[in-house]
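Work through the exercises below with the sequence and the model side by side. Try each task before reading its solution.

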Amino acid sequence: HEVLSRVRLLGFSKNIKFYAILEAVFDFYIGFFIFWPFMFLGGLSICGFYGAKHFNERLVFAYYIGDIVKLVLRVILAIYTPYLGAYLISWLMCFVSVVYINTINRFYEELKSISRDDLILLREGWQPRIVHFVF
């Protein structure tokens with residue numbers, strides 16, 4: 001059971017690191033060219049990357065809050081978009097955001113509930129053993 005918890009957290013970590021960097025690039029792009037407050041949200045995405053990399057629940061929580069703020073901004077954009085194509089894409093992005101926010105929340109909750117010993121092992125770079133079957 002302990003090994004499965006560590007493996008699950010490693011999987012969440014890899015997923016969140018990937019999407020946090022991707023989001024940070026888009027957030028900084030939007031912040032630089034369109035709407036400057038997104039620079040702050042880009043910083044929270046970087047927090048998500050480092051939180052997932054180092055299994056730090058505070059940084060993951062900051063990322064979680066930042067993604068909720070982005071979801072609220074996407075809903076506002078979807079409501080006030082006058083074009084049908086942009087309207088549909090905005091609501092699709094809102095749906096994807098809800099699914100991803102749920103993933104961040106699950107990672108955060110598992111980080112809070114994992115044993116101290118397992119957390120130390122993960123922070124030290126624990127990796128599962130790979131078993132090879134030879135026929």
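## Exercise 1: Helix α2

Task: Find which residues of α2 are buried, and state what they pack against.

Solution. The model is a predicted one. Step 1: the buried residues of α2 are F38, L41, G42, L44, S45, G48, F49, G51 and A52. Step 2: these buried residues pack against α1, α3 and α4. Step 3: α2 covers residues 38–54, which makes 17 residues. From first C-alpha to last, α2 reaches 24 Å, close to the 24 Å expected at 1.5 Å a residue.

## Exercise 2: The residue after α2

Task: Describe the backbone and the surroundings of F55, and say whether F55 is buried or exposed.

Solution. Step 1: F55 comes just after α2 and sits in the loop between α2 and α3. Step 2: its phi is positive, about 55°, although F55 is not a glycine. Step 3: for comparison, most residues other than glycine have a negative phi. Step 4: the relative accessible area of F55 is 3%. Buried means under 20%, so F55 counts as buried.

## Exercise 3: The chain as a whole

Task: State how many helices and strands the protein chain has, and what its overall dimensions are.

Solution. Step 1: the protein chain has five helices and zero strands. Step 2: read from the N terminus, the elements run α-α-α-α-α. Step 3: the C-alpha trace spans about 60 × 35 × 25 Å along its principal axes. Step 4: of the 135 residues, 35% are buried. Step 5: take the contacts with a separation of 6 or more; residues 24 or more positions apart account for 67% of them.

## Exercise 4: Salt bridges

Task: State how many salt bridges the structure holds, then work through the pairs made by R8, K70 and E109.

Solution. Step 1: the structure holds six salt bridges. As background, side chains of opposite charge can pair when their charged atoms come close.

Step 2: R8 pairs with E110, and their closest N and O atoms are 2.9 Å apart. This pair links distant parts of the chain, as R8 is in helix α1 and E110 in helix α4, 102 residues apart. R8 has a relative accessible area of 38%, so R8 is partly exposed.

Step 3: K70 and D67 meet in a salt bridge of 3.2 Å, N to O. K70 and D67 are three residues apart in helix α3, so about one helical turn separates them. Both K70 and D67 are buried.

Step 4: E109 forms a salt bridge with K112, with the closest N and O atoms 3.7 Å apart. Both lie in helix α4, three residues apart, about one turn of the helix. The relative accessible area of E109 is 36%, so E109 is partly exposed. K112 is also partly exposed, at 42% relative accessibility.

Step 5: salt bridges that share partners join E23, D27, D67 and K70 into one network.

## Exercise 5: The largest pocket

Task: Give the volume of the largest pocket and say which helix gives the most to its lining.

Solution. Step 1: the volume of the largest pocket is about 630 Å³. Step 2: the pocket is lined by 22 residues, and E23, K70, R74, M93 and S97 are the closest to its centre. Step 3: α1 (2–33), α3 (57–80) and α4 (84–113) each supply at least two lining residues. Step 4: α4 gives the most, with eight residues. Step 5: sorted by class, the lining has 15 nonpolar, two polar and five charged residues. Step 6: link this to Exercise 4. K70, one of the residues closest to the pocket centre, is a partner of D67 in a salt bridge. E23, also among those closest to the centre, belongs to the network with D27, D67 and K70.

## Exercise 6: The contacts of R6

Task: Locate R6 and find which residues R6 is in contact with, leaving aside its neighbours within four places in sequence.

Solution. Step 1: R6 lies in helix α1. Step 2: R6 has 8% relative accessibility, so R6 counts as buried. Step 3: with those neighbours left aside, R6 is in contact with I114, D118, L121, L122 and W126.

Conventions: Residues numbered from 1 in each chain as written. Predicted model: local features only at pLDDT ≥ 70, side-chain atom pairs only at ≥ 80, totals over all residues. Heavy atoms only, no water. 1 Å grid on protein atoms, 1.4 Å probe; cavity = no way out; pocket = protein on both sides within 12 Å on 5 of 7 lines; lining within 4 Å. Points joined across faces, edges and corners; volume = space filled by probe spheres on them. Helix = DSSP H or I, 4+ residues; strand = E, 2+ residues; numbered from the N terminus. Nonpolar A, V, L, I, M, F, W, Y, C, P; charged D, E, K, R; others polar. Expected span 1.5 Å × (residues − 1). Buried < 20%, exposed > 50% of the residue type's maximum accessible area, 1.4 Å probe, protein only. Contact = heavy atoms within 4.5 Å. Salt bridge = Lys/Arg side-chain N within 4 Å of Asp/Glu carboxyl O.
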